Amino acid sequence: MTAFLIVEDGGERRFEVVGRAVIGRDADCDVQLSNLSVSRKHAALEETVAGWVVRDLTSVNGTFVRGKRIEDAVLGTGETLRFGDVKATFRIEERKKETSGTGKLFQTLSVKPTRRARPVAVAVVTIAGIALLVAATVWSKRCGVRAGPAVSATAPAR
């Protein structure tokens, strides 16, 4: 089964939840909410043996199910949630199998972006660039290469 969190924060945004999702303001969260009443890591939705569960991650302004503040709660389809001041609805839907004429199952591949890798990549590229500049400077000094114009400034005599 596939779960969806429909968030009402000025508009309506729909998030597909597969297995587990963290909700909050932090850039690493699966469901990002920009409202300041939402903690950086506010709550988590998780599929368990008992069904879908929402857990409050010690948020300041609380997680609410059916209007009551909770630490954790089992969710059913159509449940109303609130993360701080942000309202949401939880839905569970059966995923339909689509087959082509040859009988192959079409599946969508959902890959979560790796936001944590970006700062590491920036650091690696910066360090590599600095190392390249240092190596070029050392090489030019050892080989006697001088920086300057490639064309002579004096004109030939006639």
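# A strand-rich predicted model

Ile130 is found in helix H1 (residues 117–143). Helices (H or I, at least four residues) and strands (E, at least two) are DSSP runs, numbered from the N terminus. This is a predicted model, in which local features need pLDDT of at least 70, side-chain atom pairs count only at pLDDT 80 or more, and totals for chains, interfaces and linings use all residues. Residues are numbered from 1 along each chain as its sequence is written, and side-chain values use heavy atoms, with hydrogens and water left out.

## Overall build

The protein has one helix and 13 strands. From the N terminus, the order is β-β-β-β-β-β-β-β-β-β-β-β-β-α. The protein has 158 residues, and 27% of them count as buried. Buried means under 20% relative accessible area, exposed means over 50%, and partly exposed lies in between (1.4 Å probe, protein chains only).

About 11,700 Å² of the protein is exposed, and carbon and sulfur atoms supply 57% of that. Accessible areas come from the Shrake-Rupley method with a 1.4 Å probe; for residues, only the protein chains shown count as cover.

Confidence comes next. pLDDT is the predictor's confidence in each residue, from 0 to 100. The average pLDDT is 83, and 75% of the residues score at least 70. Over residues 102–107, pLDDT stays under 50. For that stretch the model has seven contacts beyond four places in sequence. A contact means heavy atoms within 4.5 Å.

## The open sheet

Two strands pair if DSSP finds at least two bridges between them. Five strands form an open sheet with mixed pairing, in the order E4-E3-E5-E6-E9. E4 and E9 are the edge strands, and each pairs on one side only.

Start at E4. Two bridges join it to E3, and the two strands run parallel. Here Ile23 has Val31 in E4 as its bridge partner.

Strand E5 (residues 43–48) runs antiparallel to strand E6 (residues 51–56), with six bridges between them. These two strands form a hairpin, with two residues between them. Ala44 stands opposite Arg55 in E6. E6 also pairs with strand E9 (residues 72–75), again antiparallel, over four bridges. There Val53 stands opposite Val74 in E9.

## Salt bridges

A salt bridge is a side-chain nitrogen of Lys or Arg within 4 Å of a carboxyl oxygen of Asp or Glu. By this rule the protein has five salt bridges. Three of them are among those in the table.

| Pair | Closest N to O distance |
|---|---|
| Arg14 and Glu93 | 2.8 Å |
| Glu46 and Arg20 | 4.0 Å |
| Lys41 and Asp26 | 3.2 Å |

The Lys41 pair links distant parts of the chain. Lys41 lies in the loop between E4 and E5, Asp26 in the loop between E3 and E4, and they are 15 residues apart. Salt bridges with shared partners join Arg20, Glu46 and Arg55 into one network. Glu46 is partly exposed, at 26% relative accessible area. Arg20 is partly exposed too, at 42%.

## Loop and surface

Ala27 sits in the loop between strand E3 (20–24) and strand E4 (31–32). Its relative accessible area is 43%, so Ala27 counts as partly exposed. Ala27 and Arg40 are 13 residues apart in sequence, and 8.5 Å apart in space, C-alpha to C-alpha.

Back to Ile130. With Val134 and Val138, Ile130 forms a nonpolar patch on the surface, with about 250 Å² of accessible area together. Patches are made of residues with over 30% relative accessible area and no salt bridge: like charges are joined within 9 Å, nonpolar side chains (Val, Leu, Ile, Met, Phe, Trp, Tyr) within 5 Å.
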